[in-house]
Amino acid sequence: MSDPRPSVEDQRELRRTFGAFATGVTVVTVGGRSPHAMTANAFTSVSLDPPLVLICVRRDAVMHDRLDGPFGVSVLGAGQEEVARRFADRWRPLGAAQFDGVDHTPGELTGAPLIDGALAHFECELWKTCDGGDHTIFVARLLGMAPLADGDPLLFYRGRFRRLGATKEVTA
Ligand SMILES: Cc1cc2nc3c(=O)[nH]c(=O)nc-3n(C[C@H](O)[C@H](O)[C@H](O)COP(=O)(O)OP(=O)(O)OC[C@H]3O[C@@H](n4cnc5c(N)ncnc54)[C@H](O)[C@@H]3O)c2cc1C
């Protein structure tokens, strides 16, 4: 009798099954002469002592080669779906122009643009990288943080943006 379970080699099914794990949504940013931002949900707290977080970035993403120093992470609130979509759009302009219309403030410790209205900001510096297959795992040490607001988070679940409560979607 054949096994009805999909194979882990089936990337469509794998993505769908990974999608059962609900996450928050962040924007990872680097500053400098050519600032850059990328929407990421593969963000996790790792350690309290030392204070570490990790983020997984696709090897062929522009952001992949920009995370070799300090960077910022903004944890998005429920009303920031458009910001998440902007920094996941691969046709957005490069450099400072990608931030047009998105309010942000340079981090005091890193200069990385931090998204205004986010629920929390973290400022980090690269600590270690690990091979993560078609992604790289960037482990970073926290330099500073700001727990900013108490509002609801923006969530990502089964390939869609959601809000807390029932199974309400942000957009139909
Ligand atoms: C909810 C959500 C969560 C996500 N989580 C993650 C995650 O954790 N990790 C992850 O790796 N990805 C994640 N993604 C996907 C990621 O946000 C997008 O792939 C994003 O576009 C990657 O940004 P990037 O700038 O690093 O790379 P790219 O999208 O590769 O590059 C975009 C930039 O490069 C420019 N560009 C692209 N191609 C060219 C070209 N040929 N010539 C000139 N310029 C070009 C574009 O104009 C744009 O400025 C997530 C997406 C969503 C919606």
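Q: What is the strand order in the open sheet?
A: In this predicted model, the open sheet has seven strands in the order S3-S2-S6-S9-S10-S5-S4, and the pairing is antiparallel.

Q: And which are the edge strands?
A: Those are strand S3, residues 36-40, and strand S4, residues 43-47, each of which pairs on one side only. As for the twist, neighbouring strands of this sheet are turned against each other by 35° on average, with direction ignored.

Q: How many bridges join S2 to S3?
A: Five bridges join strand S2, which covers residues 26-30, to S3, and the two run antiparallel. Taking the register residue by residue, Val30 stands opposite His36 in S3, while Thr26 stands opposite Ala40 in S3.

Q: What sits between S2 and S3?
A: The two strands form a hairpin with five residues between them, and in the turn Gly32 has a positive phi of about 90°.

Q: Back to S3: is this strand mostly covered or mostly open?
A: Strand S3 is mostly covered, since five of its five residues are buried.

Q: Which way do the residues of S3 point?
A: His36, Met38 and Ala40 point one way from S3, whereas Ala37 and Thr39 point the other way, and all of them are buried. That fits the general pattern, in which the side chains of a regular strand alternate between the two faces of the sheet.

Q: Staying with S2, is Thr29 buried or exposed?
A: Thr29, whose place is in strand S2, counts as buried, because its relative accessibility is 0%.

Q: What does the side chain of Thr29 have as a polar partner?
A: A polar atom of the Thr29 side chain lies 2.6 Å from the backbone oxygen of Pro113.

Q: Changing topic, how many disulfides does the structure hold?
A: The structure holds zero disulfides. Cys56 is in no disulfide, and the nearest cysteine sulfur, that of Cys130, is 9.1 Å away; Cys130 is likewise in no disulfide, with the sulfur of Cys56 as its nearest cysteine sulfur. For reference, the cut-off for a disulfide is a pair of cysteine sulfur atoms within 2.5 Å.

Q: Are Cys56 and Cys130 buried or exposed?
A: Neither label applies, because Cys56 is partly exposed with a relative accessible area of 23%, and Cys130 is partly exposed with a relative accessible area of 34%.

Q: What about aromatics, how many pairs are there?
A: The count comes to three aromatic pairs. One of the pairs is Phe87 with Phe99, whose ring centres are 5.3 Å apart and whose planes stand at 50°, so the pair is tilted.

Q: Where do Phe87 and Phe99 lie?
A: Both Phe87 and Phe99 lie in the loop between helix H2, residues 81-86, and strand S7, residues 104-106, so the pair ties together parts that are 12 residues apart in sequence.

Q: Buried or exposed, for Phe87 and Phe99?
A: Both Phe87 and Phe99 are buried.

Q: Last one: which charged ends sit over the rings of Trp91 and Trp127?
A: Over the ring of Trp91 sits the charged end of Arg90, 5.3 Å from the ring centre, and over the ring of Trp127 sits the charged end of Lys128, 4.3 Å from the ring centre.

Methods
Residues are numbered from 1 along each chain as its sequence is written. This is a predicted model: local features need pLDDT of at least 70, side-chain atom pairs count only at pLDDT 80 or more; totals for chains, interfaces and linings use all residues. Side-chain values use heavy atoms; hydrogens and water are left out. Two strands pair if DSSP finds at least two bridges between them. Helices (H or I, at least four residues) and strands (E, at least two) are DSSP runs, numbered from the N terminus. Axes are lines fitted to C-alpha atoms, for helices over the stretch in contact, and angles run from 0 to 180 degrees between N-to-C directions. Buried means under 20% relative accessible area, exposed over 50%, partly exposed in between (1.4 Å probe, protein chains only). Rings of Phe, Tyr and Trp (its six-membered ring) pair if their centres lie within 6.5 Å; planes under 30 degrees apart count as stacked, over 60 as edge-to-face and the rest as tilted. A charge sits over a ring if NZ of Lys or CZ of Arg is within 6 Å of the ring centre and within 35 degrees of the ring normal. A polar contact is a pair of N or O atoms within 3.5 Å; within protein, one must be able to donate a hydrogen and the other to accept it, and residues adjacent in sequence count only if both atoms are side-chain atoms.
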